[in-house]
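User: I'm new to reading protein models. Could you walk me through one, feature by feature?
Analyst: Sure, let's open it and go step by step.

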Amino acid sequence: MLIVCVVACSAAPHARSFSFDLDSIAAMGKFPRFVVNTYRWGNEFFNGYDTTYVQGTGYKFSAKITADSWMDGYSFQLPDNKTMLMATEPSTSVGLYVSYLALSAGYDINISKLITGVDRSRQRLRFGFNCMLFSAEAYLIRNDIGTTIRKFGDASAPSRPNYTFNGINNASWGIDAYYFFNHKKYSEAASFNYSRIQKRSQGSFYTGFSIYAQRLDFRFNELPPSYLDQLPETWAPDYNYRVKTNNYAVRIGYGYNWVFAKHWTLGISESPIIGVRDGYVTPWIEGKSRKVSLSMFNRAKLSVVWNAGRWFGGLVGMTDLAIINNHKTTYTGGTFSGEAVIGYRFNLW
């Protein structure tokens with residue numbers, strides 16, 4: 001709305017000069033002044049903070065170089081004390097991004113494929129919006145390329161076959177939104193988005209909702225007979241483990257920023273996500289075995305952030321884990337990621 005007002009006023013017949021300064025825009029007339037006052041009220045409501053604990057960066061633009069690496073992991077605890085652990089090879093990319101306020105554009109290079117010549121990348125898309133009052137996230141994670149069986153057999157002494165397994169087609173997507181109770185003194189953006197600076201140590205509980213879908217398909221019938229003999233009988237005759245569920249949950253968590261030295265902040269965030277799962281889990285018969293059960297998910301983040309005037313940098317780690325219990329089988333699967341960033345802030349006006 002503010003941008004529309006600026007464009008309209010700058011195109012008016014009597015407009016002789018133009019400035020992005022809010023006071024200059026407000027001086028253009030009643031409507032521009034109303035828009036500016038509305039913007040200022042909204043900015044204070046959603047982004048107001050106690051300057052003793054949090055401060056802005058002082059810059060609208062930033063340029064940063066990122067290095068991002070992530071991998072998927074899948075674990076099965078099976079009847080008769082059997083276990084199976086799978087993990088993908090890491091996918092690593094390096095990118096250059098330029099940001100203006102909440103807008104960002106850039107380009108990534110798949111380093112994994114460039115170095116090895118093998119496309120190990122799986123699809124992962126994330127979108128996030130963060131202000132002092134609340135945060136919202138949307139994501140899509142897909143793996144239909146394959147993985148590697150790292151452990152298999154008796155849980156007490158499993159074999160380590162490092163067997164390449166391509167019978168996989170998994171996807172999950174969802175949205176999260178949550179409110180910070182101590183939003184005047186704690187900034188999640190300071191520890192994970194580099195858009196605020198935490199001046200004094202402070203933490204906050206937060207709560208919200210999470211809606212996500214799980215689509216898992218492990219085609220274990222592609223494994224050798226020696227593997228199939230150790231899988232649950234309830235998976236026979238096709239030996240596929242499949243999940244098709246929608247999940248509706250409450251997210252409750254706590255975040256803390258520890259300013260342990262000048263220019264340095266350690267951030268941590270932990271949030272279990274508990275709700276209901278509606279859909280099908282192996283063994284199933286489409287249309288007949290649909291049921292509602294307990295949904296369990298966990299998201300944890302850890303960061304170390306450095307700020308020194310215009311320069312900033314940091315390391316961020318994140319884990320997303322889902323747990324599914326069904327017919328004496330426990331599935332645990334998720335994504336593990338790490339990011340390194342170095343950047344520079346500046347103003348053009």
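User: Let me start with something small. Which residue stands opposite methionine 86 in E8?
Analyst: When two strands pair, you can look across from one residue to its partner. Here, methionine 86 faces isoleucine 149 in E8. That is one spot in a longer match: E3 and strand E8 (residues 147-154) pair in the antiparallel sense over 6 bridges. Keep in mind that this is a predicted model.

User: What does E3 pair with besides E8? I mean, how many bridges link E2 and E3?
Analyst: Strand E2 (residues 61-78) and E3 are antiparallel partners, with 6 bridges between them. For one matched position, take glutamine 77, whose bridge partner in E3 is threonine 83. The hairpin of E2 and E3 has 3 residues between the strands, and aspartate 80 there takes a positive phi near 60°.

User: Is strand E3 largely enclosed or open, and why?
Analyst: To judge that, count the buried residues; the cut-off for buried is under 20% relative accessible area. In strand E3 (residues 82-87), 5 of the 6 residues are buried, so the rest of the structure largely encloses it.

User: Is there a general idea about side chains in strands?
Analyst: Yes: along a regular strand, side chains alternate between the two faces of the sheet.

User: Let's try a residue in E8. Is threonine 148 buried or exposed?
Analyst: Threonine 148 sits in strand E8. With a relative accessible area of 10%, threonine 148 is buried. Its contacts, leaving aside neighbours within four places in sequence, are Leu85, Met86, Ala87, Asn162, Tyr163, Thr164 and Phe165.

User: And what about a residue in a loop? Where does glutamine 230 lie?
Analyst: Look in the loop between helix H6 (225-228) and strand E13 (240-261). Glutamine 230 has a relative accessible area of 27%, so it counts as partly exposed. Skipping neighbours within four places in sequence, glutamine 230 touches Leu78, Lys82, Phe152 and Gly153. Its C-alpha is 9.1 Å from that of phenylalanine 152, although 78 residues separate the two along the chain.

User: Can we do another hairpin? How many residues join E6 to E7?
Analyst: The hairpin from E6 to E7 goes through 3 residues. Strand E6 (residues 123-130) and strand E7 (residues 134-143) run antiparallel and are joined by 8 bridges. One match to look up is arginine 124, with isoleucine 141 as its bridge partner in E7.

User: Now the rings. How many aromatic pairs are there in the whole structure?
Analyst: A search finds 29 aromatic pairs. To read a pair, check the distance between ring centres and the angle between planes. For phenylalanine 218 and tyrosine 331, the centres are 6.1 Å apart and the planes are at 55°, so the pair is tilted. Phenylalanine 218 belongs to strand E12 (residues 202-219) and tyrosine 331 to strand E17 (residues 329-346), so this pair ties together parts 113 residues apart in sequence. Phenylalanine 218 and tyrosine 331 are both buried. Now try tryptophan 235 and tyrosine 241: their ring centres are 5.3 Å apart with planes at 50°, so that pair is tilted too. Tryptophan 235 and tyrosine 241 are both buried.

User: Which residues do ring pairs link into a cluster?
Analyst: The cluster consists of Tyr74, Phe76, Phe165, Phe218, Phe220, Trp235, Tyr241 and Tyr331.

User: Rings can also have a charge over them, right? What lies over the face of tyrosine 178?
Analyst: That's arginine 251, at 4.2 Å from the ring centre. Another case is lysine 301, whose charged end sits over the ring of phenylalanine 192, 4.5 Å from its centre.

User: Let's zoom out. How many helices and strands are in the protein chain?
Analyst: The protein chain has 6 helices and 17 strands. Of its 349 residues, 41% count as buried. For contacts with a separation of 6 or more, 67% are between residues 24 or more positions apart.

User: Last one: what pLDDT does the protein chain average?
Analyst: The average pLDDT is 85, and 83% of the residues score at least 70. Over residues 1-18, though, the pLDDT is below 50, and this stretch has 18 contacts in the model beyond near neighbours in sequence.

Methods. Residues are numbered from 1 along each chain as its sequence is written. This is a predicted model: local features need pLDDT of at least 70, side-chain atom pairs count only at pLDDT 80 or more; totals for chains, interfaces and linings use all residues. Side-chain values use heavy atoms; hydrogens and water are left out. Buried means under 20% relative accessible area, exposed over 50%, partly exposed in between (1.4 Å probe, protein chains only). Helices (H or I, at least four residues) and strands (E, at least two) are DSSP runs, numbered from the N terminus. Two strands pair if DSSP finds at least two bridges between them. pLDDT is the predictor's confidence in each residue, from 0 to 100. Contact means heavy atoms within 4.5 Å. Rings of Phe, Tyr and Trp (its six-membered ring) pair if their centres lie within 6.5 Å; planes under 30 degrees apart count as stacked, over 60 as edge-to-face and the rest as tilted. A charge sits over a ring if NZ of Lys or CZ of Arg is within 6 Å of the ring centre and within 35 degrees of the ring normal.
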